[in-house]
Amino acid sequence: MATPTVEQIAHYYEGLCKIVDSLNAGKPDNMGDRSWELHNSINIEWLKTIVNADFWTDEDMTAVHLIID
């Protein structure tokens, strides 16, 4: 994988933060339990992968680690 640009890193971080916010908000009223479980598992696995990427600089990953650790 080529090294992402500053703009791409910012985009990845923005997406990461949106997922963290979504997971922290809890299951929406209009989502079934099974859908929520699937949503959680897919997004947590992605967070585990992306947090270990070698392109991060000084982005704060505290909220991610609270979810994945």
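A residue is taken as exposed when its relative accessible area is over 50%, as buried when that area is under 20%, and as partly exposed in between. By this rule N52, with a relative accessible area of 61%, is exposed. The residue belongs to the loop between helix 2 and helix 3, and its C-alpha atom lies 12 Å from that of I68, although the two residues are 16 positions apart in sequence. The structure described here is a predicted model, and the paragraphs below turn from its overall architecture to its nonpolar core and then to its charged side chains.

The protein contains 3 helices and 0 strands, so that from the N terminus on the order of its elements reads α-α-α. Helix 1 covers residues 6–25, helix 2 covers residues 33–50, and helix 3 covers residues 62–68. Along the principal axes, the C-alpha trace extends over about 40 × 20 × 15 Å. Of the 69 residues in the protein, 26% are buried, and the surface that the protein exposes amounts to about 4900 Å², with carbon and sulfur atoms supplying 53% of this area. When the contacts with a separation of 6 or more are considered, 55% of them join residues that stand 24 or more positions apart in the chain.

The largest nonpolar core of the model comprises 14 residues, and those with the most contacts inside this core are L16, L47, W56, M61 and V64. Two or more residues are given to the core by each of helix 1, helix 2 and helix 3, and the largest share, 5 residues, is that of helix 1. One of the residues with the most contacts inside the core is L47, for which the neighbours can be listed in full once residues up to four places away in sequence are set aside: L47 then touches L16, I19, V20, L23, V64, I67 and I68. Two of the residues touched by L47, namely L16 and V64, are themselves among those with the most contacts inside the core.

A contrasting case is offered by L66, which is located in helix 3. With a relative accessible area of 68%, L66 lies above the limit of 50% and is therefore classed as exposed. The C-alpha atom of L66 is separated by 9.5 Å from that of V20, a residue 46 positions away along the chain. V20 is in turn one of the residues touched by L47.

As for charge, the protein carries 4 positive and 12 negative side chains, and the centres of these two sets lie 11 Å apart. The count of salt bridges comes to 4, and three of these pairings are described here in turn. In the pairing between D33 and K27, the closest N and O atoms are 3.7 Å apart, a distance that falls within the limit of 4 Å and therefore qualifies as a salt bridge. The two partners fall into separate accessibility classes, since D33 is exposed at a relative accessible area of 52%, whereas K27 is partly exposed at 34%.

A further salt bridge joins R34 to E37, with 3.5 Å between the closest N and O atoms. Both residues belong to helix 2, where they are 3 residues apart, or about one turn of the helix. R34 is exposed, its relative accessible area being 58%, while E37, at 47% relative accessibility, is counted as partly exposed. The side chains of E45 and K48 likewise meet in a salt bridge, at 3.5 Å from N to O. These two residues of helix 2 are also 3 residues apart, and are therefore separated by about one helical turn. Both E45, at 45% relative accessibility, and K48, at 34%, count as partly exposed.

Finally, E7 is found in helix 1 and is classed as exposed, with 60% relative accessibility. Between E7 and R34, which are 27 residues apart in sequence, the distance from C-alpha to C-alpha is 35 Å. R34 is the residue whose salt bridge with E37 was described above, and it too is exposed.

Conventions
Residues numbered from 1 in each chain as written. Predicted model: local features only at pLDDT ≥ 70, side-chain atom pairs only at ≥ 80, totals over all residues. Heavy atoms only, no water. Helix = DSSP H or I, 4+ residues; strand = E, 2+ residues; numbered from the N terminus. Buried < 20%, exposed > 50% of the residue type's maximum accessible area, 1.4 Å probe, protein only. Contact = heavy atoms within 4.5 Å. Areas by Shrake-Rupley, 256 points an atom, 1.4 Å probe, with all protein chains shown as cover. Lys, Arg positive; Asp, Glu negative; His and termini not counted. Charge placed at Lys NZ, Arg CZ, Asp CG, Glu CD. Core = buried A, V, L, I, M, F, W, Y, C linked by side-chain atoms within 4.5 Å.
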